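Visitor: Please show me the model, and let me ask how each label on it was earned.

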Amino acid sequence: MDSEHRVILNVGGIRHETYTHVLKKIPATRLSRLTPNLANYDPVLNEYFFDRHPGVFSMILNYYRTGKLHYPTNVCGPLFEEELEFWGLDANQVEPCCWMTYTSHR
């Protein structure tokens, strides 16, 4: 893949790099609809900035890459739920191995 298909996402000060085709794997989500016309795109740095939890975002980006959504045990359930909602993801996609831990906050 060449650099024109690479996307830089700065989430809470942590830079993540991936490709546009990875972000298109889960349609109708915030990341699948990125465009340089968005207010959070910085053309000088060539990156999108989101003031969100960077640790949770690692799990979210991994979901795009692998198709498996795991729950990070170092954050509380409501925070994870809030982040999923922001990114436009369905909490029901949490993997079975993490489901009981994730739902215990309810």
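The questions below take up the strands, the sheet and the salt bridges in turn.

Visitor: What kind of model is this?
Guide: This is a predicted model, in which local features need pLDDT of at least 70 and side-chain atom pairs count only at pLDDT 80 or more, while totals for chains, interfaces and linings use all residues. Residues are numbered from 1 along each chain as its sequence is written, and side-chain values use heavy atoms, with hydrogens and water left out.

Visitor: How do you know that S1 and S2 pair?
Guide: Strands are DSSP runs of E with at least two residues, and helices are runs of H or I with at least four, numbered from the N terminus. Two strands pair if DSSP finds at least two bridges between them. Six bridges join S1 to S2 (residues 14–19), and the two run antiparallel, so the pairing criterion of at least two bridges is met. In this pairing Asn10 stands opposite Arg15, and Val11 faces Ile14.

Visitor: What makes S1 and S4 a pair?
Guide: Three bridges join S1 to S4 (residues 47–50) in the parallel sense, which again satisfies the minimum of at least two. Leu9 stands opposite Tyr48 of S4.

Visitor: Why are S2 and S3 called edge strands?
Guide: The open sheet has the order S2-S1-S4-S3, with mixed pairing. S2 and S3 (41–42) each have a single partner strand, so one side of each has no neighbour in the sheet.

Visitor: Why is the contact between Arg6 and Glu17 called a salt bridge?
Guide: The term requires a side-chain nitrogen of Lys or Arg within 4 Å of a carboxyl oxygen of Asp or Glu. The closest N and O atoms of Arg6 and Glu17 are 3.5 Å apart, so the pair qualifies. Arg6 lies in S1 and Glu17 in S2, so the salt bridge ties together parts 11 residues apart in sequence.

Visitor: Which salt bridge does Arg15 form, and with what N to O distance?
Guide: Arg15 meets Glu47 at 2.9 Å, N to O. That pair links S2 to S4, with their positions 32 residues apart in the chain.

Visitor: Why is Glu47 called buried, and Arg15 not?
Guide: Buried means under 20% relative accessible area, exposed over 50%, and partly exposed in between (1.4 Å probe, protein chains only). Glu47 has 6% and therefore counts as buried, whereas Arg15 has 48% and therefore counts as partly exposed.
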